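Subject: Structure for you, with notes

Hello,

The structure I promised is below. My notes on one helix and a few backbone angles follow it.

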Amino acid sequence: MSDASTLATLIDDLVAANRILAEQGVVDGYGHVSARVPGKADRYLLSRSLAPAAVTADDIMEYDLDSNPVDQRGRGMYLERFIHGEIYRKRPDVHAVVHNHSPSVIPFGIAPVPMQAVYHMSGFVAAGIPIYEIRDKDGPATDMLIRTGPLGRSLADVLGVKPAALMRGHGAVVVAPSVSLVVARSVYLEMNARLQMQAMQIAGPGGKINYLTADEGVAAVESNDFLRAWDLWRKNALGK
């Protein structure tokens, strides 16, 4: 496959990813997904500022790791694009990033209950999901948004080597080595949060919930590539 063909396929995947995340209720009018440019470790692709469900191939822009556009052409940019650039800078293993305000996930960023892996499709959660507290970097008058490179770096530091991090009072960031995997992790992170809350309601105060162990989480990650789901979602999103 030529470089041009590879890039065109990646852009199609990004368009599909935006639409899938909207269809799955992970994003609404807000949120974004990016991908590192193949063969260019210091570049990434991200839509212009637009509701995810409305993104087309013509909306995809290229950025450097300082989150400056390569060719802006007057197009608006996401305020929180720094999330993407700073994670790519810190994590060479990451090739796709999602930032979302996934509704069932948000309570676990503010409540004294850690998110834990409920079932095999969310086995990656067993690795542990840290919580980013923006007040630690931006002070008490923060508007919760990652508007600058330093804030993006502080989020990347809390994320560390994990597959996701919760953002207190805001949402989550999810990372992966591919667009298909970051979409699946984002979908199943939302589902895991919803199922965990249901399990907690069933168990009641003090009830014991039999979460996946760390070893079970590792085994689930190794056996689940999510490609069947991705192929279905992508076909439905793009019609091809």
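Helices here are DSSP runs of H or I with at least four residues, numbered from the N terminus. The model is predicted.

With that convention, H4 covers residues 149-159, and just after H4 comes Gly160, which takes a positive phi of about 60°.

At the other end of the helix, a side-chain oxygen of Thr148 reaches to within 3.2 Å of the backbone nitrogen of Leu151. Leu151 is also one of the buried residues of H4. The others are Gly149, Gly152, Ser154, Leu155, Ala156 and Leu159. An α-helix has 3.6 residues a turn, so residues three or four places apart point the same way.

What do the buried residues of H4 pack against? Two of the partners are helices, H2 (82-90) and H3 (135-138). The strands are E5 (131-132), E6 (164-167) and E7 (171-176).

Two residues have a positive phi although neither is a glycine:

- Met144, in the loop between H3 and H4, has a phi of about 80°. Its relative accessibility is 18%, and the cut-off for buried is under 20%, so Met144 counts as buried.
- Phe226, in the loop between helix H6 (214-223) and helix H7 (227-238), has a phi of about 65°. Phe226 counts as buried because its relative accessibility is 7%, against that cut-off of under 20%.

When you go through the model, please look at Met144 and Phe226, given their positive phi.

Regards

Key: Residues numbered from 1 in each chain as written. Predicted model: local features only at pLDDT ≥ 70, side-chain atom pairs only at ≥ 80, totals over all residues. Heavy atoms only, no water. Buried < 20%, exposed > 50% of the residue type's maximum accessible area, 1.4 Å probe, protein only. Contact = heavy atoms within 4.5 Å. Polar contact = N/O pair within 3.5 Å; in protein donor to acceptor, adjacent residues only side chain to side chain.
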